[in-house]
Amino acid sequence: MKLVYRLLSEDLIENLGVVENCADSGFAEKELCRRIETATGIEGELIRKTVGDFIEKGYLCAMFSEDSFVWCWTHNNQNKFESQETVVGG
């Protein structure tokens with residue numbers, strides 16, 4: 001629960017969720033988790049499970065834009081990325 005609170009209250013997805021020079025969605029997910037672990041000090045396995053669950057349930061998605069993956073909460077991407085393709089989640 002502490003992790004979810006921090007993800008939301010500290011805008012960690014918005015602040016850490018642009019993975020540049022990346023064309024691999026698996027790497028982009030791992031990199032997002034690594035960044036969250038570094039920023040929070042919370043155990044990596046819990047972060048990977050939580051992020052994976054959010055993606056699977058459709059709460060979190062990644063858009064591919066130019067050469068980067070941009071992670072966002074699904075409610076934040078309604079008109080923001082009309083020209084980009086949702087490639088993970090959502």
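What share of the 90 residues in the chain is made up of buried residues? The answer opens the first legend.

**Figure 1. Overview of the chain in the predicted model.** Buried residues account for 40% of the 90 residues. The secondary structure consists of four helices and four strands. Starting at the N terminus, these elements follow the order α-α-β-α-α-β-β-β. Of the contacts in the chain between residues at least 6 apart in sequence, 49% connect residues at least 24 apart. The views that follow show helix packing, an aromatic group and two loop regions.

**Figure 2. Close-up of helix α1 against helix α4.** Helix α1 covers residues 2-9 and helix α4 covers residues 44-56. The two pack at an angle of about 65°, and their axes are 11 Å apart. Angles of 65 to 115 degrees count as roughly perpendicular, and α1 and α4 are therefore described as roughly perpendicular to each other. Their crossing is right-handed. On the α1 side the contact is made by L3, V4 and L7, and on the α4 side by L46, I47, T50 and F54. Sorted by class, this contact of α1 with α4 has six nonpolar residues, one polar residue and no charged residues.

**Figure 3. Close-up of T50 in helix α4.** T50 is buried, with a relative accessible area of 12%; the cut-off for buried is under 20%. When neighbours within four places in sequence are left aside, T50 is in contact with L3 and V4. L3 and V4 are among the α1 residues that make the contact with α4, and T50 is among those that α4 contributes.

**Figure 4. Close-up of helix α3 against helix α4.** Helix α3 spans residues 25-40. Helices α3 and α4 pack at an angle of about 130°, with 9 Å between their axes. At that angle α3 is oblique to α4. The crossing of α3 past α4 is right-handed. Helix α3 supplies E29, L32, C33, I36, E37 and T40 to the contact, while helix α4 supplies G44, I47, R48, V51, G52 and I55. By class, the contact of α3 with α4 has six nonpolar, three polar and three charged residues. I47 is listed in this contact and is also listed in the contact of α1 with α4.

**Figure 5. Close-up of the aromatic cluster formed by F54, Y59 and W73.** Three aromatic pairs are found in a search of the whole structure. One aromatic pair is formed by F54 and W73, with an edge-to-face arrangement: the distance is 5.5 Å centre to centre and the angle between the planes is 65°. Planes over 60 degrees apart count as edge-to-face. F54 is part of helix α4 and W73 is part of strand β3 (residues 68-73), so this pair ties together parts that are 19 residues apart in sequence. How are F54 and W73 placed with respect to solvent, buried or exposed? F54 is buried, with a relative accessible area of 15%. W73 is buried as well, with a relative accessible area of 8%. F54 also takes part in the contact of α4 with α1.

**Figure 6. Close-up of D11 in the loop between α1 and α2.** Helix α2 covers residues 12-16. D11 has a positive phi of about 50°, although D11 is not a glycine. D11 is partly exposed, with a relative accessible area of 37%.

**Figure 7. Close-up of N21 and E66, each in a loop.** N21 is located in the loop between β1 (18-19) and α3. The phi of N21 is near 50°, which is a positive value in a residue other than glycine. N21 is exposed, with a relative accessible area of 66%. E66 is located in the loop between β2 (60-65) and β3. E66 is exposed, with a relative accessible area of 74%. How far apart in space are E66 and N21, C-alpha to C-alpha? The distance is 8.8 Å, while in sequence E66 and N21 are 45 residues apart.

Key: Residues numbered from 1 in each chain as written. Predicted model: local features only at pLDDT ≥ 70, side-chain atom pairs only at ≥ 80, totals over all residues. Heavy atoms only, no water. Axes fitted to C-alpha atoms, helices over the stretch in contact; angles between N-to-C directions. Parallel < 35°, antiparallel > 145°, perpendicular 65-115°, else oblique. Left-handed = near helix turned anticlockwise from the far one by under 90°. Contact = heavy atoms within 4.5 Å. Nonpolar A, V, L, I, M, F, W, Y, C, P; charged D, E, K, R; others polar. Phe/Tyr/Trp six-rings, centres within 6.5 Å; stacked < 30°, edge-to-face > 60°. Buried < 20%, exposed > 50% of the residue type's maximum accessible area, 1.4 Å probe, protein only.
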